[in-house]
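Good morning, and thank you for making time on the agenda. I would ask you to look at the sequence and the structure together while I speak.

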Amino acid sequence: MSSIRTTVHESLPYVDPEPTPAERAAAESLIAAEQQSASSPSPSSSSSSLPPLREPNFSPLITAELDRIAAKAPLKGIDLSRYEAPDSDSDPSSTTDPSTLSTQLQRAYTAATYLSGRHAHLQLLDAYGKNAWLVGNWQLESELRALERELESTKKEIDVVNIQRRRVQDEVGGELKGLEETWKRGVGRVLETEIATEGLRQQVLERQRGGV
């Protein structure tokens, strides 16, 4: 957690009186007006600050793919027939073309390799998949318990801070009220002194005018 204080709260919730409904409504209206002005700038100012849009320059491959998506055509990027087992009805001895036999042999090797790997993966999944799933769940539960402990600790810290703040404000509440009353009396005396000074000044001016 950063130790830099970016905000300062001057509220004293345990000393200051609760705001009246009228004061609360006025404050909420000011907050709502400021949020609306900050979240919805004028279209003219926002559009003028943006650079003009550039024309897209896609490669032929991307263009063909976009056309395929627009036409809702199926994807044919991978030839799945090479992973399929050879047709058992076909008789290799029925053809004598070397290129055809080579192609069939390559397809047979590819299909055998793919099916062998898939069989091995299924065996591993059958043997260790359940344990891996259970271990994954245990790890997630451990993370959840750690987050719950952290949340509970944070709530306790918040409660401690609130208790300390209330105790400090309760301890200085009387002093703050006394200082506020003293300040009010001082302001009142200053006003009374200014009024008396103004009255004396007027009297002096009147006497000076009468003497003249």
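Let me begin with a term: a residue is called exposed when its relative accessible area is over 50%, buried when that area is under 20%, and partly exposed in between. Glu 18, at 63% relative accessibility, is therefore exposed. Please keep in mind throughout that this is a predicted model.

I turn to confidence before anything else. The mean pLDDT of the protein chain is 82, and 82% of its residues reach 70 or more. Residues 1-5 are an exception to bear in mind, with pLDDT below 50 and, beyond near neighbours in sequence, zero contacts in the model. Where pLDDT is low, the predicted coordinates should not be read in detail.

Now the overall organisation. The protein chain has four helices and zero strands, giving the pattern α-α-α-α along the sequence. Helix α2 covers 43-49, while α3 covers 60-70 and α4 covers 98-211. Of the 212 residues in the chain, 2% count as buried. The accessible surface of the chain comes to about 19,500 Å², and 59% of this is supplied by carbon and sulfur atoms. As for contacts between residues at least 6 apart in sequence, 71% join residues at least 24 apart.

Against that background, which residues does Gln 169 contact, once its neighbours within four places in sequence are left aside? This residue is found in helix α4, and it counts as buried because its relative accessible area is 6%, under the 20% limit. Its contacts outside those neighbours are with Ser 11, Leu 12, Pro 13, Tyr 14 and Val 15.

Next, the salt bridges. How many are there in the model? The count comes to five, and I shall describe three of these.

The pair I take up to begin with returns us to Glu 18. Its partner is Arg 24, and the closest N and O atoms are 3.8 Å apart. The two residues fall in separate accessibility classes: Glu 18 is exposed, at 63%, whereas Arg 24 is partly exposed, with a relative accessible area of 42%.

The other two pairs belong to helix α4. Arg 166 and Asp 170 are joined by a salt bridge with an N to O distance of 3.9 Å. These residues are four apart in helix α4, so about one helical turn separates them. Arg 166 is partly exposed at 46%, and Asp 170 is partly exposed at 47%.

Further along α4, Lys 184 and Glu 180 form a salt bridge at 3.7 Å, N to O. Here too the partners are four residues apart in the helix, about one turn. Lys 184, with a relative accessibility of 43%, counts as partly exposed, and so does Glu 180, at 40%.

From charged pairs I move to a nonpolar feature of the surface. Phe 58, Ile 62, Leu 66 and Ile 69 together make a nonpolar surface patch of about 370 Å². Phe 58 is found in the loop between α2 and α3. With a relative accessible area of 47%, Phe 58 lies between the limits of 20% and 50% and is therefore partly exposed.

My final point concerns backbone geometry. What is the phi of Lys 72? The value is positive, about 55°, although the residue is not a glycine. For context, most residues other than glycine have a negative phi. Lys 72 sits in the loop between α3 and α4. Its relative accessibility is 77%, so Lys 72 counts as exposed.

To close, I would draw your attention again to two places in the model. One is Gln 169 in helix α4, which is buried at 6%. The other is Lys 72, with its positive phi of about 55°. Thank you; I am glad to take questions.

Note on methods: Residues are numbered from 1 along each chain as its sequence is written. This is a predicted model: local features need pLDDT of at least 70, side-chain atom pairs count only at pLDDT 80 or more; totals for chains, interfaces and linings use all residues. Side-chain values use heavy atoms; hydrogens and water are left out. Buried means under 20% relative accessible area, exposed over 50%, partly exposed in between (1.4 Å probe, protein chains only). A salt bridge is a side-chain nitrogen of Lys or Arg within 4 Å of a carboxyl oxygen of Asp or Glu. Contact means heavy atoms within 4.5 Å. Patches are made of residues with over 30% relative accessible area and no salt bridge: like charges are joined within 9 Å, nonpolar side chains (Val, Leu, Ile, Met, Phe, Trp, Tyr) within 5 Å. Accessible areas come from the Shrake-Rupley method with a 1.4 Å probe; for residues, only the protein chains shown count as cover. pLDDT is the predictor's confidence in each residue, from 0 to 100.
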